[in-house]
Amino acid sequence: MKKTLLSAAIGAAVLGFASAASAATLDTVKSKGFVQCVVNTGLAGFAAPDASGNWSGFDVDYCKAVAAAIFNDATKTKYTPTTSQTRFTALQSGEGDVLFRNTTWTINRDTALGFNFRTVNYYDGQGFMVPKSLNVKSALELSGAAVCVQSGTTTELNLADFFKANKLEYKPVVYEKLPEVNQAYQEGRCDVYTTDQSGLYSLRLSLSNPDEHIILPEIISKEPLGPAVRQGDDQWFDIVSWTHYALVQAEEFGITKANVDDIRKSSTNPDVRRFLGIEKDTKIGTDLGLTNDWAYNIIKAVGNYGEVFERNIGQNTPLKIQRGLNALWTKGGLQYAPPVR
């Protein structure tokens with residue numbers, strides 16, 4: 001009886017979320033005049049507010065790109081900061097229109113939680129950070145270590161799997177909020193910090209002596225990070241997905257924030273002209289429910305994918321993250337956009 005009642009409750013909840021999403025998110029966003037994005041409470045390079053409350057970062061630029069596509073105004077955004085425990089509830093309940101928050105695409109999240117993922121805007125993998133003083137060169141030397149990890153994450157599950165598979169012992173030191181995990185590691189309450197490698201690069205910057213800590217070479221998981229939306233609104237799902245593809249395609253075309261106007265005026269390439277919304281009879285924007293210059297508006301506002309990457313987390317930033325798997329497919333990476341036609 002209890003199982004039947006629980007199943008009915010879950011079913012009702014999922015139907016409720018689907019009904020909310022089916023209410024044409026684009027119309028709702030236009031009506032209120034901004035895109036509400038669910039983001040991290042603060043992760044350097046990805047999403048963090050400054051002293052004046054102005055947000056910046058890789059994920060924030062994606063939110064701005066969606067706003068530019070809809071409003072031709074990248075400033076029409078608001079942000080809902082969340083922990084790993086509260087991010088999904090915030091999206092499900094309608095506190096945000098889209099989740100841009102270093103979140104791994106998994107089958108459970110894609111199905112049971114009622115979300116839709118499609119694009120991967122950052123290919124990542126879980127790693128380990130340790131103090132240099134520990135004299136450890138490999139994660140296989142961590143048996144018996146106390147490991148700081150954030151609860152409610154795939155990181156916590158991957159950690160358990162890695163130590164079990166390699167017949168190693170460990171003591172989990174678990175906290176819900178990111179600042180709590182950071183503080184625990186900084187104060188020496190654990191020997192090891194584990195999360196996505198992108199997060200480790202960011203978090204190391206927050207330590208009092210970043211150079212005294214190293215990131216071990218092992219990658220123990222696949223962490224395809226990308227945006228998520230509620231199920232039940234295909235149009236909104238397409239807009240969020242094709243915002244990413246537009247950023248990638250612009251880089252492949254060699255279109256940047258600085259040259260997009262010149263290319264728009266002078267290009268005779270039908271693919272480029274179609275992409276920028278000026279080819280005769282193009283409908284790539286109106287088919288999305290947007291104007292045909294939606295991709296042009298995105299690039300004019302935030303640049304292409306490479307620019308977003310390099311500006312926030314690339315080699316000329318404190319994080320100094322290499323493109324790696326996030327290079328274009330034409331340069332040995334995995335970033336690839338379907339044809340814009």
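Visitor: What do buried, partly exposed and exposed stand for here?

Guide: With a 1.4 Å probe and protein chains only, a residue under 20% relative accessible area is buried and one over 50% is exposed. What lies in between is called partly exposed. This is a predicted model, in which local features need pLDDT of at least 70 and side-chain atom pairs count only at pLDDT 80 or more, while totals for chains, interfaces and linings use all residues. Residues are numbered from 1 along each chain as its sequence is written, and side-chain values use heavy atoms, without hydrogens and water.

Visitor: Is aspartate 97 buried or exposed?

Guide: Because its relative accessibility is 4%, aspartate 97 falls into a class with a cut-off of under 20%. That class is buried.

Visitor: How far apart in sequence are the parts that aspartate 97 and lysine 32 tie together?

Guide: The side chains of aspartate 97 and lysine 32 meet in a salt bridge (a side-chain nitrogen of Lys or Arg within 4 Å of a carboxyl oxygen of Asp or Glu), at 2.9 Å from N to O. Aspartate 97 lies in the loop between α4 (87–92) and β5 (98–99) and lysine 32 in helix α2 (residues 25–32), where helices (H or I, at least four residues) and strands (E, at least two) are DSSP runs numbered from the N terminus. The pair therefore ties together parts whose separation in sequence is 65 residues.

Visitor: Which helix holds glutamate 251, the partner of arginine 323?

Guide: Arginine 323 and glutamate 251 form a salt bridge of 3.1 Å, N to O, and both are buried. Arginine 323 sits in the segment after α13 (305–313), 72 residues from glutamate 251, which is in helix α9.
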